[in-house]
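Student: I should like to take a close look at a single part of this structure, namely the place where two domains of one chain meet. Please also set that part in its wider setting.

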Amino acid sequence: MIGLKFDKTKCVDCKGVFCLTRCQYLQLDRDTARKEWQKIVDGEDSFVLEACTTCYACEEYCPFHNHPFYLIVERQEQKGILPAPRPIITMWINQCQPVGRFTVGKVDERMLSYCFLPHFNTLVKGKLFDDTAGAVVFGQEFFCNAVYLHYAHTSVITERLPQIVANIGKLGVRELICLHDECYGTFTSLAPAYGIEVPFKPVHYFEYLYNRLKGLGKTVKKLDVKAAYQRNCSSRLAPETDKLVDDIFSLIGVERVKREYDKENALCCAEIIRMGKGPALADDIQKRNIDDMVKAGAEYCVFNCPACWDALADKVARKGIKPVHIIDLCKLAIGEAQSLKLPELAVEV
Amino acid sequence: MVTTNAIHESLVKIVGKSYVSASREEKYFYARDGGLMPPHEPDFVVLPRTTEEVQEIVRLANREKIPIVPAGAGLALTGLVIPQKGGIVVDMKRMDRVLEVNEKARYVIVEGGTTQGALKSYLQKHHPHLRHSIPDAPPSATVVANAVIHGQGRLAHQHGFNSDMVSGLEVVLPTGEVCRIGSCSVSSYWFSKGPPLPDLSGLFLGWFGTTGIITKLGLKLYPCKKLRDVMVLLTDKVELVPDILLRLSHTEMVEDTVISAQPLPLRFRGTFWIMTYITGDSDEELEFKRKMVWDAVWDYFQSRDVGFISTSPEGKAPLLSMPSKDTTRFADVAKGGGFQYAGPITPIEKFPAFIRKLEEVAAKYNVFYGSTTRLIGSGHCMMFSFSFSFNRANPDEMARAKRALDECSKFALEEGAVLWKPDVDEQKMIMEKMDPNTLELMRKIKRLLDPNGIMNPGNWEMR
Amino acid sequence: MMQQKYVSQIHRCFRCGYCKFPTDYSSFNCPPYQRFRFETYSTGGRLWLIYAWLKGEIEWSEHLAEILYTCTTCRNCAEQCPMKFAPDIIDWIVGARSDMVEKGRIPPRVARFFEAVQGYSNPFKLLRDDRASWANGTKLYSPGDEFLLYIGCLGSYDENGQKMAKSLVSVLKAAEVPFGIMGKDEECCGNEVYMLGEMGLFQNIAERNIQKFKKLGVRKIVTLCPHGYHAMKNNYPKAGGFEVYHYTELLAELTKAKKLKFSSNRIKVTYQDPCFLGRHNNIYDEPRQVLQYIPGIELVEMERNRKDAFCCGGGSGNFVMDLLAGDENSPARIRVREAYATGADILAVACPGCMTMLTDAVKTENLETKLTVHDISQILARSLS
């Protein structure tokens with residue numbers, strides 16, 4: 001039976017109500033938080049459901065891994081609350097609809113998932129991917145669908161995800177190296193939370209990169225640079241992978257600058273928030289985030305998620321910080337060139 | 001009647017041997033355009049280089065009563081330069097110079113065959129703070145032909161039709177005289193096509209070359225700001241579109257507004273995409289305009305009826321490029337190399353009705369459709385396109401697309417729209433609906449200017 | 001295979017005309033359209049006429065064939081066409097030509113080109129025995145040499161091409177590169193034959209060459225001419241088992257590795273990207289790197305450069321047949337005027353086809369005292385200390 005496995009007894013014992021008290025946008029005291037959370041658990045109306053920015057962070061804050069965010073999304077959908085305008089949601093639902101267009105490269109036991117992000121066509125090249133080059137799945141038929149967590153549509157996820165998992169399974173894939181946290185989080189957190197069985201082993205690409213760099217031994221040179229790391233919303237679904245950022249950085253001589261908005265207190269790219277809540281909040285988040293990078297003396301802003309890249313690369317560059325995807329950062333360390341770059345946009349008139 | 005050979009020789013004398021053809025191949029190509037109108041072959045294709053050569057060709061044609069059709073790139077798609085009665089096609093594209101830019105009076109003078117692409121490039125290189133209203137036709141479209149068909153470009157919202165931006169003409173009349181129209185008829189400046197004189201430009205603009213051949217054209221230029229951005233608004237409620245357009249226009253901050261609707265790729269299905277272009281000389285200016293646009297539809301945003309899509313710089317690039325290659329790509333969505341659209345000029349309140357008609361007709365004739373609408377003036381009207389793509393290798397599909405277009409045109413006319421760049425059949429429909437006294441006035445003008453009826457016959461032909 | 005593909009696809013051209021332009025739309029960048037100016041000579045015109053011919057709407061004529069064969073396969077159209085089929089356009093043109101060849105309906109100049117290559121293994125009808133007359137004792141390839149230097153027909157027989165060959169040999173010797181040539185045993189590379197649509201002849205040439213390379217034990221080939229480079233790299237059967245380089249790639253390596261020593265050479269140089277090096281094979285940087293390595297050289301670009309470079313008009317056998325000649329709008333003449341406008345002393349080339357076309361055009365335009373055409377190896381040779 002596919003459905004959210006949410007254990008309300010865990011919430012009864014919870015002292016901190018961290019899902020709401022640690023929320024970066026709500027500023028709730030513990031009592032209010034407890035009251036509102038209980039309403040959500042009980043399926044009653046709560047202003048939290050309207051106010052939620054869908055930043056995913058409460059998934060990480062819950063010490064019991066009880067999936068508070070998935071419950072919020074369930075409740076939003078049940079109550080017809082739209083975290084974003086309806087046409088935006090419609091656009092997303094339509095654009096990722098499976099239509100039988102299977103984009104598959106060389107079929108192998110170990111394959112890369114490009115999710116639905118064309119950036120990886122640019123990023124995946126060179127020595128780091130010698131072993132896996134060409135063994136790729138991409139597009140609607142392999143799209144993890146986690147994005148609908150932003151749009152109060154877990155129903156789309158539960159409807160499509162089993163088939164997506166089956167599509168990947170049918171290829172005979174044993175290990176799926178996920179290049180996007182959204183996929184990794186789907187297969188390691190979202191699918192189990194809904195009782196969807198995953199017949200392959202999801203591997204986070206950080207782990208893959210780390211092992212590749214280890215394998216390349218002395219060809220890896222220390223970059224000796226300071227970088228701010230831009231955490232993305234979906235990394236909240238798999239917070240254990242954050243440590244791998246530090247591991248990779250230490251291999252390639254990158255200092256992760258200490259700053260206010262990193263680790264558990266990271267700010268997301270805010271473009272989803274712009275679409276849902278409007279420009280004032282989004283602009284404020286982006287400004288605080290980038291100012292913080294500047295203040296911390298970062299030379300680079302290292303991206304994990306291509307969507308964050310789309311949102312912020314241009315903006316950090318304007319502040320004199322070099323944007324780079326973590327795959328490209330690893331390439332720099334082995335003497336290869338950065339492949340994902342900002343388009344040199346001349347003003348077209 | 002002199003022989004074909006003699007005419008050929010005369011044409012060779014005028015433009016030189018290399019630039020006259022009566023060969024099967026040129027006749028074949030110039031007999032048709034990329035659209036769905038039936039072909040008709042010319043007897044000759046000539047490529048003049050000067051106004052004097054054009055005059056000579058016209059005099060010859062007038063003397064021998066041979067039809068003559070001035071042609072740009074043939075991109076109207078409605079067969080406006082198909083020589084319906086044979087004769088001489090005058091391909092103007094060797095007359096391709098940019099003659100003068102007056103920076104302080106903000107106009108340019110181009111020759112009769114200068115392409116939109118060449119003008120864009122010239123201004124970018126030599127006068128980067130000036131621009132013209134670039135249409136989304138391919139860059140091979142000529143400036144003159146686009147003005148003659150009342151084309152619209154990227155500045156249509158602010159400044160109207162491209163023909164509104166004409167600031168002077170040099171025309172070879174059907175009887176061979178060269179005539180200047182506008183301020184340039186009494187002054188060396190080309191700043192006005194009419195005012196404060198009687199505006200004679202109307203004798204040529206919109207006439208599809210049936211009253212003369214434009215050999216030079218003055219065009220107004222407009223400030224070109226340093227920065228440009230596009231905001232993409234989505235709604236799924238068709239009935240809101242006219243009001244959204246008026247609100248955007250009310251800001252007086254928007255340079256260009258284009259609405260697109262199409263069922264494929266899937267991301268477009270079920271929503272209307274409103275591309276809103278803004279410009280600025282600084283980030284602050286752009287930011288202010290962005291805020292104005294948000295504010296204009298804020299209540300629709302709160303009611304969740306209108307959203308803004310976040311777009312990366314890379315995603316914006318094709319929307320910002322001028323002309324838009326995506327417009328042309330529509331021709332090959334079905335791997336078939338063809339599309340045509342009926343583009344009625346209509347009040348914006350008609351948007352919902354026209355969309356419904358488009359969907360209905362596409363389903364009825366089983367053809368793939370799309371629509372790109374451009375706001376003209378401050379909401380004074382819009383060009384609504386009923387676009388159908390077809391496979392050029394599938395005659396049945398082409399016939400269905402043509403029937404779909406005809407039905408949409410008829411519907412639009414009944415709804416109070418006026419057909420844009422109408423084909424010869426649509427011209428007849430318009431003239432049937434036209435005030436008889438207006439039609440009579442047109443007839444008198446045509447007879448006066450072109451007594452032998454040699455100019456692009458078949459078009460605007462009043463019985 | 002290619003033919004079937006063009007037959008089922010060619011109707012997809014919408015004749016929008018993007019193919020005529022460079023990226024910035026500043027001028028016309030299709031050599032035959034720029035020369036003749038009838039729409040029929042643009043890529044759109046050509047594709048529509050081929051489709052009409054396939055459908056039987058027009059008959060074959062010599063004029064039709066000339067329209068088809070004035071295309072220099074410079075690949076500007078494929079670069080600019082907005083449609084998804086853009087990369088296939090050259091295949092379509094070549095497919096239609098091969099159809100005409102099979103039906104024996106080709107212009108006389110093209111037929112003579114094939115006869116010459118068939119009979120003499122060069123398009124000039126010059127004696128096979130004279131193929132290495134330029135070589136002046138240059139060492140023949142022997143096993144153990146790292147590179148086979150493949151000269152090609154223009155380098156072997158054309159006066160300007162021979163100058164290129166000689167200077168390249170001298171530069172490679174100066175850099176102590178172990179290489180040899182094939183001498184009289186070398187044959188035509190077949191690139192033009194391929195582009196002109198004589199597929200049978202091309203197959204023979206390719207197979208014969210591959211056999212000869214194998215017999216000699218060749219592992220790496222460096223070509224003087226981008227046309228040969230293109231044919232061997234992209235159109236020879238994959239079983240060749242050898243790597244192919246253009247000489248500018250090798251020179252870029254050698255200069256980077258400091259295998260050559262230069263004295264200062266104060267000249268202003270502009271560079272003509274050869275179509276078969278640039279647009280066909282995406283090599284734009286190496287030739288420029290070589291030039292910029294020489295102290296004193298100022299490299300200035302023509303308005304149209306790199307992927308927007310305007311073809312010299314010599315492709316698809318036109319360096320012999322010259323179907324675009326005879327007018328001030330001939331591509332080579334336009335191009336040397338453009339080069340002259342940069343204020344350069346030297347128009348650098350990396351292709352013997354460009355070399356011969358542009359050298360002739362400099363004479364016709366009376367620019368001989370103002371602009372000299374040299375290939376990159378000649379400029380390098382003159383700058384060696």
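Tutor: The account below begins with the domains, continues with the contacts between chains, and ends with one whole chain. Please keep in mind throughout that the model is predicted.

Chain C is assigned domain 1 (2–106), domain 2 (126–252) and domain 3 (261–383). The part to examine is the meeting of domain 2 of chain C with domain 3 of chain C, whose C-alpha centres are 22 Å apart. Domain 2 of chain C brings 28 residues to this contact, and domain 3 of chain C brings 27 residues. On the side of domain 2 of chain C that touches domain 3 of chain C, at least two residues each come from helix H8 (152–157), helix H9 (159–174), helix H10 (191–195), helix H12 (226–235) and helix H13 (247–256) of chain C. Of the contributors to this side of domain 2 of chain C, H9(C) gives the most, with eight residues. By class, the side of domain 2 of chain C that touches domain 3 of chain C holds 13 nonpolar, ten polar and five charged residues.

The next topic is the contacts between chains. Chain C also meets chain B, where 30 residues of chain C are in contact with 33 residues of chain B. On the side of chain C that touches chain B, helix H3 (43–55) and helix H4 (62–69) of chain C are the elements giving two or more residues. Here H3(C) gives the most, with four residues. This side of chain C is made up of 15 nonpolar, seven polar and eight charged residues.

Chain B and chain A form a further contact, with 30 residues from chain B and 25 residues from chain A. Strand S12 (227–235), strand S15 (306–309) and helix H10 (313–320) of chain B are the elements that supply two or more residues to the side of chain B that touches chain A. That side of chain B contains 13 nonpolar, eight polar and nine charged residues.

Finally, consider chain A as a whole. Chain A has 16 helices and nine strands. Its radius of gyration is 20 Å, close to the 20 Å that the globule rule gives for 349 residues, so chain A is as compact as a globular protein of that length. Along the principal axes, the C-alpha atoms of chain A fill a box of roughly 55 × 50 × 50 Å. Of the 349 residues in chain A, 50% are buried. Among contacts in chain A between residues at least 6 apart in sequence, 76% link residues at least 24 apart.

Conventions: Residues are numbered from 1 along each chain as its sequence is written. Chains are lettered from A and ligands numbered from 1 in the order in which they are written. This is a predicted model: local features need pLDDT of at least 70, side-chain atom pairs count only at pLDDT 80 or more; totals for chains, interfaces and linings use all residues. Two residues are in contact if their C-beta atoms, placed from the backbone, lie within 7 Å. Ala, Val, Leu, Ile, Met, Phe, Trp, Tyr, Cys and Pro count as nonpolar, Asp, Glu, Lys and Arg as charged, and the others, Gly among them, as polar. Domain bounds come from an automatic or database domain assignment. The radius of gyration is taken over C-alpha atoms; the globule rule is 2.2 Å times the number of residues to the power 0.38. A residue is buried if 20 or more other C-beta atoms lie within 10 Å of its own, exposed if 12 or fewer, and partly exposed in between; C-beta atoms are placed from the backbone.
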